[in-house]
Amino acid sequence: MNKSLVELNNCGVFRNEKWLVRGVSLKVSQGEIVTLIGPNGSGKSTTAKMSLDILKPDEGTNTIKKDIRISYVPQKISIDWSLPLRSIDFVNLVTKHKTSEINDALGITGIQHLINEDVRNLSGGEFQRLLMARAIAKEPHFLVLDEPVQGVDYSGEIALYKTIQEIVKKINCGILLISHNLHVVMSQTDYVICLNGHVCCSGIPSSVIKDQEYIKLFGSNIDPTLSLYKHNHDHHHLPDGSIDKVDKNK
Amino acid sequence: MFDDFIIRAFAAGIGLALITGPLGCFIIWRRLSYFGDTIAHSALLGVVIAYAMNFNLIIAVFAVSCFVALSLLFLQKRTNLPDDALLGLLAHSVLAIGLVLLGILSFIRVDLMGLLFGDILSVNITDVLFVWVGGSIVLIVLILIWRPLFAATVNLELAKAEGLNADLANAIFTILIASVIAISIKIVGILLITGLLIIPAAASRNLSSTPIQMAIISSVIGLVSVVLGLQTSMIWNSPTGPTILAIALGVFILTLIPLKKLLISKKKIELLN
């Protein structure tokens with residue numbers, strides 16, 4: 001049975017007399033996290049957009065499985081000042097959900113208390129969590145996350161990545177992730193594609209970090225196997241910042 | 001009952017205000033106020049064609065408006081010019097063509113003032129029917145395309161990525177604006193229609209916290225402006241279209257008063273005492 005949700009086959013995008021990205025092939029299947037890494041301007045977002053069919057490839061083919069639910073967390077999104085929009089309206093933007101579903105989704109990303117807040121009053125990190133909540137609420141088959149944790153505080157970043165993993169397990173969706181956090185990429189994803197205008201190297205994380213192309217781009221001193229500094233939290237925060245007194249970890 | 005020109009005026013004005021409310025909100029959200037102006041300017045060409053060929057005014061204006069709107073979509077794809085430059089190009093060139101034709105076809109007598117500022121007191125029963133039937137169609141279509149149109153307004157790529165037909169919704173929305181401008185020519189005129197689209201919506205923005213609220217309140221403010229404007233213009237014998245807009249502006253100024261803040265601070269003072 002072919003479980004692949006999205007397939008790019010030797011795709012490229014040609015704009016203003018140059019190739020933004022060329023010769024990209026990738027496949028995202030159910031229950032799998034595929035990550036794109038690469039320097040700025042290497043074509044990560046362009047590749048993501050081809051996988052969503054927002055951009056039609058100028059060469060190669062993009063195939064998206066029919067009748068699947070897709071969620072997209074774009075890299076940049078700005079809400080016009082003239083739009084009165086609460087968090088709940090934003091979650092309902094593309095698909096209408098039950099209030100309980102919205103509460104759940106906002107709860108997962110830790111901003112349940114902001115459900116009736118005007119979107120423009122949210123901080124950058126809170127807005128990022130809202131984008132994520134909206135994407136989760138749809139229970140997508142295919143989820144594209146373009147730098148989903150930018151502007152999120154450090155502990156929140158780890159928590160959100162954990163959430164992403166949990167979502168994959170829970171709803172068994174396929175994820176295409178663009179991330180700069182190499183530690184997370186290498187420790188938590190199934191397949192890594194390293195882009196720089198073309199595919200430099202790709203494979204499972206443990207093989208990619210040994211690839212010469214990868215070392216050229218990111219240097220050899222980043223050893224993802226070095227565990228990141230673990231801040232041993234002995235308590236748990238509630239979404240509003242106060243300390244949760246009934247902490248099971250204690 | 002529709003024999004009375006005042007009743008016809010009220011019927012036409014109220015019908016128009018109900019449609020311009022939600023459409024005006026989208027025009028503000030999408031920063032399209034200049035687009036409304038462009039379509040309205042090009043309406044003159046439609047008027048000249050209607051008079052020259054002895055054709056229904058509203059349909060002729062609608063056809064020209066659609067043509068201009070489609071030309072804009074075409075130019076956006078073909079050139080690298082920013083939207084406001086393209087709109088300026090279209091607005092004034094089509095206006096110029098209309099004026100040239102008007103000069104050549106010297107047998108046409110167009111009431112320019114009526115065209116620019118409208119004359120709601122002269123609408124006939126056909127015009128009223130056009131407003132209500134056309135307006136109902138516009139409203140129903142707008143409700144049908146609300147979700148994709150609104151999602152595309154918030155973020156085009158997100159709407160497209162998640163399977164909404166954003167391009168189609170945008171194109172339909174353009175046609176809706178063209179229809180409303182065609183319908184409104186006789187009522188408020190080409191110079192003032194953008195005002196009727198924008199001022200009630202702008203006032204409504206100050207009062208609402210959700211998009212649907214803003215669309216509904218905008219219609220209500222438009223309706224109040226039309227009713228008060230018509231009455232005021234009869235008392236003072238002032239031109240009706242401009243009076244309606246002046247009233248709308250008055251409502252806008254009223255909405256600037258921060259009622260909520262005043263109420264809250266009063267409560268605070270009471271609490272302190």
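**Notebook: chain contacts, domains and a helix pair**

I looked first at where the two chains meet, and found 19 residues of chain B in contact with 18 residues of chain A, contact being counted when two C-beta atoms, placed from the backbone, lie within 7 Å. On the side of chain B that touches chain A, at least two residues each come from helix H1 (5-29), helix H7 (146-154), helix H8 (156-161) and helix H11 (211-236) of chain B; helices here are DSSP runs of H or I with at least four residues, strands are E runs of at least two, and both are numbered from the N terminus. I noted that H8(B) supplies the largest share of that side, five residues. By class I listed the side as 10 nonpolar, five polar and four charged residues, with Ala, Val, Leu, Ile, Met, Phe, Trp, Tyr, Cys and Pro taken as nonpolar, Asp, Glu, Lys and Arg as charged, and the others, Gly among them, as polar.

I keep in mind that this is a predicted model, in which local features need pLDDT of at least 70 and side-chain atom pairs count only at pLDDT 80 or more, while totals for chains, interfaces and linings use all residues. Residues are numbered from 1 along each chain as its sequence is written, and chains are lettered from A and ligands numbered from 1 in the order in which they are written.

Next I turned to chain A, for which I recorded eight helices and 11 strands. Of the contacts in chain A with a separation of 6 or more, 65% join residues 24 or more positions apart.

I then looked up the division of chain A, which gives domain 1 (4-69 + 140-244) and domain 2 (80-138), the bounds coming from an automatic or database domain assignment. Between them, 15 residues of domain 1 of chain A are in contact with 14 residues of domain 2 of chain A. Helix H5 (residues 154-171) of chain A gives the most to the domain 1 side, with four residues, and I counted that side by class as eight nonpolar, four polar and three charged residues.

Last, I followed a helix pair in chain B, where H6 (residues 125-144) and H9 (residues 166-188) have axes that come within 10 Å and cross at roughly 160 degrees; the axes are lines fitted to C-alpha atoms over the stretch in contact, with angles from 0 to 180 degrees between N-to-C directions. H6(B) is therefore roughly antiparallel to H9(B), a term for angles over 145 degrees. Among the residues that meet are B:Phe130 and B:Gly134 in H6(B), and B:Leu176 and B:Ile183 in H9(B). I noted nine nonpolar, three polar and two charged residues in this contact.

Note on methods: Parallel < 35°, antiparallel > 145°, perpendicular 65-115°, else oblique.
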